[in-house]
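Here is a short set of exercises with worked solutions. Keep the model in view as you work.

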Amino acid sequence: MTLLVAAVIVHDRDAGRVVLLQRGENARFARGRWHLPVGKSEPGEPITRTAVRELYEETGLTVKPEALEVVHLVHAARGVDAPDGFLTVVFATHEWTGDLENREPHKHAQVRWTDTTSLPEDFVEGDAAGLHGYLAGGPRLSLYDWE
């Protein structure tokens, strides 16, 4: 079965910045690379709840499901823990509460606000495609590893 995943772009439009995480040395893949707050959907969980839960678990930020807007889809043929592929629903939000913190230091080296004009280059591909597509108002679908 295809794994369902949610990613969240927390975009502070006034300050021109987004929340990014850097994968730590204990990460299962992509060590040291940057990504969006992201995580797998649990059985029976709506994808909006996945997005809200994962954002809070990783960053301490709280967002209401109705403040999420679908901005991109990433469909990959395979991935870690997803031999049959995964579908990532990328949401954007401009409304949140809480203070940004690294709530999973065993997984992430750092969590920070990053200026949208100076995004890191060493980025997990699917998340990068979603973020760049959103910021440019461009493509809303990315396909990976399909023949």
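The exercises below go from one helix to cores, rings and single residues.

This is a predicted model: local features need pLDDT of at least 70, side-chain atom pairs count only at pLDDT 80 or more, and totals for chains, interfaces and linings use all residues. Residues are numbered from 1 along each chain as its sequence is written, and side-chain values use heavy atoms, with hydrogens and water left out.

**Exercise 1. Check the span of helix α1 (residues 47-59).**

Step 1. Helices (H or I, at least four residues) and strands (E, at least two) are DSSP runs, numbered from the N terminus.
Step 2. The expected span is 1.5 Å times one less than the number of residues.
Step 3. For the 13 residues of α1 that gives 18 Å; the end C-alpha atoms are 18 Å apart, so the two agree.
Step 4. Look past the end: Gly-60 follows α1, and its phi is positive, near 80°.

**Exercise 2. Find which residues of α1 are buried, and what covers them.**

Step 1. Buried means under 20% relative accessible area, exposed over 50%, and partly exposed in between (1.4 Å probe, protein chains only).
Step 2. The buried residues of α1 are Ile-47, Thr-50, Ala-51, Val-52, Arg-53, Glu-54, Leu-55, Glu-58 and Thr-59.
Step 3. Their cover includes β1 (3-12), β2 (17-23), β4 (38-40), β6 (86-93) and β7 (108-115).

**Exercise 3. Place Glu-45 and list its partners.**

Step 1. Glu-45 lies in the loop between β4 and α1.
Step 2. Its relative accessible area is 12%, so Glu-45 is buried.
Step 3. Contact means heavy atoms within 4.5 Å. Beyond its neighbours within four places in sequence, Glu-45 is in contact with Lys-40, Thr-50 and Arg-53.
Step 4. Now take polar contacts: pairs of N or O atoms within 3.5 Å, where within protein one must be able to donate a hydrogen and the other to accept it, and residues adjacent in sequence count only if both atoms are side-chain atoms. The side chain of Glu-45 makes one with the side chain of Thr-50, at 2.7 Å. Another joins it to the side chain of Arg-53, at 2.8 Å.

**Exercise 4. Describe the largest nonpolar core.**

Step 1. A nonpolar core is a set of buried Ala, Val, Leu, Ile, Met, Phe, Trp, Tyr and Cys residues joined through side-chain atoms within 4.5 Å.
Step 2. The largest has 18 residues; Ile-9, Leu-20, Leu-36, Val-90 and Leu-131 have the most contacts inside it.
Step 3. At least two residues of this core come from each of β1, β2, β5 (69-76), β6 and α2 (125-136). β1 gives the most, with four residues.
Step 4. A second, separate core has 16 residues, including Val-10, Val-52, Leu-55 and Ala-67.

**Exercise 5. Classify the aromatic pair.**

Step 1. Rings of Phe, Tyr and Trp (its six-membered ring) pair if their centres lie within 6.5 Å; planes under 30 degrees apart count as stacked, over 60 as edge-to-face and the rest as tilted.
Step 2. The whole structure holds one such pair. The ring centres of Trp-96 and Trp-113 are 5.4 Å apart and the planes are at 45°, so the pair is tilted.
Step 3. Trp-96 sits in the loop between β6 and β7, and Trp-113 in strand β7, 17 residues apart.
Step 4. Trp-96 is partly exposed, with a relative accessible area of 23%.
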